[in-house]
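Subject: The structure I promised you

Hi,

Here is the structure we talked about, ready for you to open. Have a look around first, then read my notes below.

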Amino acid sequence: MGKSKQIGKHSKGMKQHISKTWKTKRRTKDHDQIHADMIPANAVKLLKQDVDYDVTGCAQNYCLHCARYFVDLKTLKEHFKSKLHKKRLKQLREEPYTQAEAERAAGMGSYIPPKSVEVKTQQVEEDMD
């Protein structure tokens, strides 16, 4: 009989599984997905959603740029002044990465620097019913 291959008492597989879970727990939308949401036709659908009791704030207070729901209008306005929201706006100013740009970077064409996109904080409609 040979010696067992396992050296320690604990397996490494469980540790790797837990680390993957924690890394992806609070994963948000990528920048190219948010750029797709910022198209006016898609933005109207996201900002004017039907009442959904399973989502925070019944899906009525949504930040388009951060892809987050908020409990009420006051919290949404405070979020607009936060560092996280301003940082996301700055990241979204750059045009999303495309396959054509990847091919140019690989040497299949001449390099064209990415364009900047004008991004402003969304307008909030206050309902005083």
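**Salt bridges first**

Asp37 is buried, with a relative accessible area of 13%. Keep in mind that this is a predicted model. Asp37 has a partner too: Lys29 forms a salt bridge with Asp37, and their closest N and O atoms sit 2.4 Å apart. Lys29 counts as partly exposed, at 30% relative accessibility.

How many salt bridges turn up when you search the whole structure? The answer is two. Besides the one I just described, Arg27 forms a salt bridge with Asp30, where the closest N and O atoms are 3.3 Å apart. Arg27 is exposed, with a relative accessible area of 57%, while Asp30 is partly exposed at 33%.

**The overall layout**

Let's zoom out for a moment. The protein has six helices and two strands, and along the sequence they follow the pattern α-α-α-β-β-α-α-α. Of its 129 residues, 19% are buried. If you take contacts between residues at least 6 apart in sequence, 46% of them join residues at least 24 apart. The accessible surface comes to about 10,900 Å², and 54% of that belongs to carbon and sulfur atoms.

**Helix H5 and its two faces**

Now find helix H5, which covers residues 83–92. Which residues of H5 are buried? They are His85, Arg88, Leu89 and Leu92. These buried residues cover an arc of only 100 degrees around the axis, so they end up on the same side of H5. Turn to the face pointing away from that buried side and you'll meet the exposed residues Lys83, Lys86 and Lys90. As for what covers the buried residues of H5, it includes H2, strand E1 (62–63) and helix H4 (73–80).

Arg88 deserves a click of its own. Arg88 is buried yet has no salt bridge. Where is the nearest side chain of opposite charge? It belongs to Asp30, 7.7 Å away, and a salt bridge needs the two atoms within 4 Å. Leaving aside neighbours within four places in sequence, Arg88 is in contact with Thr28, Lys29, His31, Ile34, His65 and Cys66.

**Ile34, over in helix H2**

One of those contacts is worth following up. Ile34 lies in helix H2, residues 31–37. Is Ile34 buried or exposed? At 0% relative accessibility, Ile34 counts as buried. Not counting residues up to four places away in sequence, Ile34 touches Lys29, Leu64, His65, Arg88 and Leu92. Take Leu64 as an example: Ile34 and Leu64 are 30 residues apart in sequence, but their C-alpha atoms are 7.5 Å apart in space.

**And a pair of rings**

Last stop: the structure holds one aromatic pair. The rings of Tyr62 and Tyr69 have their centres 4.7 Å apart and their planes at 50 degrees, so the pair is tilted. Tyr62 counts as buried at 5% relative accessibility, whereas Tyr69 is partly exposed at 29%.

That's the tour. Write back if you get lost along the way!

Cheers

Terms used. Residues are numbered from 1 along each chain as its sequence is written. This is a predicted model: local features need pLDDT of at least 70, side-chain atom pairs count only at pLDDT 80 or more; totals for chains, interfaces and linings use all residues. Side-chain values use heavy atoms; hydrogens and water are left out. Buried means under 20% relative accessible area, exposed over 50%, partly exposed in between (1.4 Å probe, protein chains only). Helices (H or I, at least four residues) and strands (E, at least two) are DSSP runs, numbered from the N terminus. Contact means heavy atoms within 4.5 Å. Rings of Phe, Tyr and Trp (its six-membered ring) pair if their centres lie within 6.5 Å; planes under 30 degrees apart count as stacked, over 60 as edge-to-face and the rest as tilted. The arc is that of the directions from the helix axis to the C-beta atoms. Lys and Arg count as positive and Asp and Glu as negative; His and the chain ends are not counted. Accessible areas come from the Shrake-Rupley method with a 1.4 Å probe; for residues, only the protein chains shown count as cover.
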